Amino acid sequence: MKVTVVGAGAVGATCADNIARKELVEELVLVDIKEGFAEGKALDIMQTASLLGFDTRVIGSTNDYSKTANSDVCVITSGIPRKPGMTREELIGTNAKIVEEVSKNLLKYSPNTILVVISNPMDTMTYLTLKATGLPKHRVIGMGGILDSARFKCYLQQALDCSPNDLHATVIGGHGDTTMIPLTRLATLNGTLVSNLLGEAELKQVSADTMVGGATLTKLLGTSAWYAPGAAGAALVESIIRNEKKVFPCCVSLEGEYGQNDICLGVPVVIGRNGWEKIIDYKLNAEEQELFNKSADAVRNMNQVLDTLVA
Ligand SMILES: NC(=O)c1ccc[n+]([C@@H]2O[C@H](COP(=O)([O-])OP(=O)(O)OC[C@H]3O[C@@H](n4cnc5c(N)ncnc54)[C@H](O)[C@@H]3O)[C@@H](O)[C@H]2O)c1
């Protein structure tokens, strides 16, 4: 099996590092536009092989997509972060160009690949990738909800003083601080509802902390995070490569599910060898559905910026 990660920056390299450590594939290709950068990151990761005991071959490439040929999964992390003074429209414009070009280059050499989109604004970039490539919907998956859910579990773990591995907790909706929806009502600790273990105010705080999870890290680090985003990307790749059929919240194309159409948004899906295989209906209550609809409206507004780019 073979995986390509485009963008050898903080998130891409960490994602590649996790994929190599887990020995998910025989060959892992890291691509970046910056001369020599992916080669350097790949060599650095390869030099951990004898220390960590993996046999995955990691190869770097400066924009030579022929090296990515026949990848089973391709992860797109290339893009730029929002710079001071940059409007949201300008960011979407720049990253849309990068993501569209990268996905077309990848498909030229791996026509049967599954595309995982991580670049931000992720929901809009996933929608763009689906439209620009014309791929069957099951082969385009946006990663954001896995990271947000891991952050949700981290804050729950702190509030409950429990193992994060005993928690089931999901964030759906958009991957933005105002569009994500931590589903506190459905969160469980080994089958017990978390809402029976925490007070309303504590749960509200966990939810609020989760929603600003990314911003909190950006403030602390001076740049956006990479360990958890990289690990979340690798967990998604693992469920595809190993056909695990894990249920992860991922950004996928909705055709009536959760009451939405013509949008890519985070919902629980089964992830296996064919990409996202089916959407699980969590049967939202009226309040959650209203939040989901609002999230969809906000993401749809962002998607409209794409039309202005084409025009
Ligand atoms: N979806 C999520 O959960 C999530 C989480 C964290 C970060 N992100 C997003 O992931 C992206 C990457 O973040 P990062 O911290 O790794 O940024 P980074 O700046 O460290 O890395 C981005 C890399 O992309 C490369 N690149 C730019 N244009 C390219 C092109 N045309 N072809 C190939 N490579 C190209 C750059 O050279 C750079 O090395 C950003 O858009 C960020 O907002 C998403």
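Which element gives the most to the lining of the second largest pocket? Select α6, residues 145–160: α6 gives six residues to that lining, the most of any element.

**Before you click on**

This is a predicted model, where local features need pLDDT of at least 70 and side-chain atom pairs count only at pLDDT 80 or more, while totals for chains, interfaces and linings use all residues. Residues are numbered from 1 along each chain as its sequence is written, and side-chain values use heavy atoms, with hydrogens and water left out. As for the element names, helices (H or I, at least four residues) and strands (E, at least two) are DSSP runs numbered from the N terminus.

**Stop one: the second largest pocket**

Stay with α6 and add S149, K153, L167, A169 and F248, the residues nearest the centre of the second largest pocket. The whole lining has 26 residues, and the volume is about 610 Å³. On a 1 Å grid over the protein atoms alone, a pocket is an open set of points with protein on both sides within 12 Å along at least five of seven lines, and a cavity is a set where a 1.4 Å probe fits but cannot get out; lining residues have an atom within 4 Å of a point. Grid points are joined across faces, edges and corners, and a volume is the space filled by probe spheres set on the points.

Now colour the elements that give two or more residues to this lining: α6, β7 (167–168), α9 and β12 (246–255). By class, the lining has 19 nonpolar, five polar and two charged residues. (Ala, Val, Leu, Ile, Met, Phe, Trp, Tyr, Cys and Pro count as nonpolar, Asp, Glu, Lys and Arg as charged, and the others, Gly among them, as polar.)

**Stop two: α6 against α9**

Keep α6 and select α9, residues 227–241. Their axes come within 8 Å and cross at roughly 120°. Axes here are lines fitted to C-alpha atoms, for helices over the stretch in contact, and angles run from 0 to 180 degrees between N-to-C directions. The two helices are therefore oblique to each other; angles under 35 degrees count as roughly parallel, over 145 as roughly antiparallel, 65 to 115 as roughly perpendicular and the rest as oblique.

The crossing of α6 and α9 is right-handed. A crossing is right-handed if the near helix is turned clockwise from the far one by less than a right angle, and left-handed if anticlockwise. Show side chains for I146, L147 and R151 in α6, which meet A228, P229, A232 and L236 in α9; contact means heavy atoms within 4.5 Å. This contact has six nonpolar residues, no polar ones and one charged.

**Stop three: α1 joins α9**

Leave α9 on and select α1, residues 10–21. The axes of α1 and α9 come within 8 Å and cross at roughly 50°, which makes α1 oblique to α9. This crossing, too, is right-handed. On the α1 side, look for V11, T14, C15, N18 and I19; they meet Y227, P229, G230, A231, G233, A234 and V237 in α9. Eight of the contact residues are nonpolar, four polar and none charged.

**Stop four: α4 and α5**

Next, select α4 (residues 88–109) and α5 (122–133). Their axes come within 10 Å and cross at roughly 45°, so α4 and α5 are oblique to each other. α4 passes α5 in a right-handed crossing. The α4 residues that meet α5 include I92, V99, E100 and L107, and among their partners in α5 are M125, L128 and A132. Here the classes are seven nonpolar, five polar and two charged.

Just before α5, click on P121, in the loop between β5 (114–117) and α5. A cis peptide bond joins N120 and P121, with omega about -10°.

**Stop five: the cavity**

How many cavities of 30 Å³ or more does a search of the whole structure find? One, with a volume of about 40 Å³. Select G144, G145, V171, G173 and G266, which lie nearest its centre among 13 lining residues. β8 (171–173) is among the elements giving two or more residues, and β8 gives the most, with three. The lining divides into five nonpolar, six polar and two charged residues.

**Last click**

Finish at N70, in the loop between β3 (57–62) and β4 (73–76). Phi of N70 is near 65°, a positive value in a residue other than glycine.
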